[in-house]
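Visitor: I've just pulled this one up on my screen. Could you walk me through a few spots in it?

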Amino acid sequence: MNRYVCIHGHFYQPPRENPWLERVEVQDSAYPYHDWNERITAECYQPNGQARILDAEGWIQRINNNYAHISFNFGPTLLSWMQLNAPEAYAAILAADRHSIDLNGGHGSAIAQAYNHMIMPLANARDRRTQVLWGIRDFEHRFGRRPEGMWLPEAAVSRAVLEELASQRITYTILAPRQALRYRRIGSEKWIDASQHGIDPRRPYRCNLDGGRSIDIFFYDGPLSQAVAFERLLSNGEHFARRLLGGFEHREEPQLVHIATDGESYGHHHPYGDMALSYAIRHIMDGHEARLTNYGQYLEMHPPQWEVEVIDNSSWSCVHGIERWRADCGCHSGGHPGWNQQWRKPLREALDWLRDEMALRFEREAGKIFNDPWAVRDEYIQVILERTRERAIEFVDHHARERGPGIDYTRALRLLEMQRNAMLMYTSCGWFFDELTGIETVQVLQYAGRVIQISEGLFEESFEEDFLDRLGKAQSNLREHGDGRSVYVNMVRPAKVDLLKMAEHYAVISLFEDADDKAEVYCYDVRSEERHEMTAGRTRLRVGRATLTSRLSLNSQRVTYAVLHLSDHIITGGAGLEVPDEMMASFLQEARQAFDLAQYGKLLRLIERDFGSSTFSLASLFKDEQRKVAEQVLEGALDSAEATYRRMYADQAPLLHFLHAMKIPAPRALYFPVELVLNADLVRALRDEDPDVEKARQILERAEQAGVDLDRTTLSYVAEAALARLSERLLADPADSQALRSIAALAEMVGAAPFEVRLDMAQNALYEVLQGREHLLSGHQVADKQAWAELASRAARVLRVRS
């Protein structure tokens, strides 16, 4: 067979971690999920690892790992997040690549990506090299093999970028058809102008480079890829398959119909796109019109017969080349008539200035520690992938000019962290969208802020004002935000964290959580040395000492803190670094006396006296802990308010039922207490470890009778979480009849609920259990085999899983 199909998914999210905490903080725009990574994982990355295929009656007949049958790349920073926060989805991706090697003649379907999605033609030569090397090393670390191909961020390409890929033994990359300049059959002297005649995407092409090197290029099918991304082709899996199979020409030579889109099309941009993809995969595999393959296998079977030259400084997402990432070219995401993107140019110029200033100092200062600072930066990915003290020390020792006690590990690691952040600040999303104050642009500015903070600690020079002078030329489209200087001052400076601020956070959180002697607080290790606590009713005072150590730089300092909780949200305290023992003892004695006498004003003055300007409040907590503590502080007030609303509900519910039955509009004020109570009761019923399905059903009936609105977004999320818990329980013990019963009952209830609930976690779990049913029932795990079988059949009917 000479007809082949390859579907490539570019799965990527920009790094969203707070640069000072190395963790993604809560993002309200992703509600009800914690952040956008979590939301898109639930909608796309997880489902594609267990994608369902429906039969003609809409029942699930198979579940596929889509990743095993497509070509794909995942951004390294996204995989790093998934490894910690979505381990099941992460494992499915790695397992898929291993399976794909068997399916595709020894060629895995995963390919690498330049590390943090930097626009490579705009990068300097050093950054290009490090981005490629880090992408390769990250891939090898995760997939256990060397990558054959590499995805270029935004498919942005230049000859210099291709030279770098080829020098690192990357075999191929994928580009848009409009990025081809000219092509010809190998051995021919006549070039064909691609702008005039187009280029056939069904063939691979060889691009010859300097020094006898070359790289192969696949130009994806543009119209077909566009249909997937923007024309709702994924609304029907069979139509999708037919469009793919309709992409061949009537000719004998081998043909590869292939597409490339954002992987998020399959589930996030297009709900249930994962199922359309899975159906199309199975349709093609079961038919005889074409064979699924990946790029590596296709190259082995059918090496390029044509050569190509590409358009320098071109990309797949900007018709003006790469101007979207450095100029107001006219490309934008839409929705804001009258806005401009003139801020892009001064933003890049400010970052370029900062990068170059740091490069000079890095080379000079790191050169005092290492023989070749830039080569050491290339290898620093080893430490990023294994954040342990032992690994960091071993790495510095290995590369240091001289070994011995004189090595300043903290300085060496800070220099390298400065460079890491100096590359992260070029993440492409910072320029892609419409506005300077967008979360993606603020994120790259935070990386710049981190670079400045580290550098000023290393070099005893101030860079911020010079940087802001340049950034100030960038104008926001929103008058209230002014220019880049204002954006930085208002959105970046407040996010900055140092050791003292981390100590303040630890002090406040210790009031609300049982602290162990050793704890991890974001990217710091905390070892408590002493704690003294005094309590009088709701008032508490904690005085303590701890050693905080950065896991990134190994910098370690002793902090002393005092924090007073008077009531509710009224918290104040102070913290200091390396406070002498005698000062600590004196403060503790005076503070204890003042507390025992309830002289809280005096206690506050003592904190101000001994800690000076380093005082803090509840606002010193980072975002996630602010929410947690606020919930605890508000618990009493909310309980009291809910009790009041429950009394109102008891009075008003019968009247609302009557009015609703008579179709008489009721005043909005009467609905609010009923809505609050019913929503709260429904959430509680579903959040129980074993959800009370019957109670939840009764609450839904009361809500319908009263004609009240339910919080559909929250209830969908809570119901899906309940099904996920029950599914995990069933997978851990397939003989658990109660888990089966609860899954069936809950799925049946939400099927009739006025809010949509994804059933895929429960369906996938039941499918897996049913696959092993014969083995399970032949053993002794199930006490009542007939009852279990009846429960399983009921669950299969409710979830529409073929048993």
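Visitor: Let's start with the strands: which residue is the bridge partner of Asn73 in S5?

Guide: Keep in mind that this is a predicted model. Strand S4 covers residues 71-74 and strand S5 covers residues 110-113, and the two pair in the parallel sense over 2 bridges. The partner of Asn73 in S5 is Ile111.

Visitor: And on to S6: which residue there is the bridge partner of Ala112?

Guide: S5 is joined to strand S6, residues 150-151, by 2 bridges, and these strands run parallel. In S6, Ala112 has as its bridge partner Met150.

Visitor: There's also an open sheet of 6 strands; what is its strand order?

Guide: Start from the edges: strand S7 (172-175) and strand S9 (192-193) each pair on one side only. S7 runs parallel to strand S11 (residues 214-219), with 4 bridges between them. Pairing in the sheet is mixed, and the order reads S7-S11-S10-S14-S8-S9.

Visitor: Which residue in S11 does Ile174 stand opposite?

Guide: S7 spans 172-175, and its parallel link to S11 is made of 4 bridges. Opposite Ile174 in S11 stands Phe218.

Visitor: Now charges. How far apart are the closest N and O atoms of Asp138 and Arg142?

Guide: Both residues sit in helix H4 (residues 125-143), and because they are 4 residues apart there, about one helical turn separates them. Asp138 and Arg142 are both buried. They form a salt bridge, with the closest N and O atoms at 2.8 Å.

Visitor: Take Arg391 next: is it buried or exposed?

Guide: Arg391 shares helix H14 (residues 389-399) with Glu394, 3 residues away, about one turn of the helix. The two form a salt bridge, the closest N and O atoms being 3.5 Å apart. Glu394 has a relative accessible area of 49%, so it is partly exposed. Arg391 is at 15% relative accessibility, so it counts as buried.

Visitor: Which residue forms a salt bridge with Arg558?

Guide: The closest N and O atoms of this pair are 2.8 Å apart, and the partner of Arg558 is Glu529. The pair links distant parts of the chain, 29 residues apart, with Arg558 in strand S18 (residues 556-567) and Glu529 in strand S16 (residues 524-536). Arg558 counts as partly exposed because its relative accessibility is 24%. Also partly exposed, at 32% relative accessibility, is the partner you asked for, Glu529.

Visitor: How many salt bridges does the structure hold?

Guide: Some of them share partners: Asp200, Arg202, Arg203, Glu249, Arg251 and Glu253 are joined that way into one network. For the structure, the number of salt bridges is 59.

Visitor: What is the relative accessible area of Val508?

Guide: Val508 has its place in helix H20, residues 499-510. Its C-alpha atom is separated by 21 Å from that of Arg493, which is 15 residues apart along the chain. The cut-off for buried is under 20%, so Val508 counts as buried, with a relative accessible area of 0%.

Visitor: One last spot: what is the relative accessibility of Asp690?

Guide: Asp690 is found in the loop between helix H24 (668-687) and helix H25 (693-706). Together with Asp688, Glu689 and Asp692, Asp690 forms a negative surface patch. Asp690 counts as partly exposed, because its relative accessibility is 33%.

Key
Residues numbered from 1 in each chain as written. Predicted model: local features only at pLDDT ≥ 70, side-chain atom pairs only at ≥ 80, totals over all residues. Heavy atoms only, no water. Patch = residues over 30% accessible without salt bridge, like charges linked within 9 Å, V, L, I, M, F, W, Y side chains within 5 Å. Areas by Shrake-Rupley, 256 points an atom, 1.4 Å probe, with all protein chains shown as cover. Salt bridge = Lys/Arg side-chain N within 4 Å of Asp/Glu carboxyl O. Lys, Arg positive; Asp, Glu negative; His and termini not counted. Charge placed at Lys NZ, Arg CZ, Asp CG, Glu CD. Buried < 20%, exposed > 50% of the residue type's maximum accessible area, 1.4 Å probe, protein only. Pairing = 2+ DSSP bridges.
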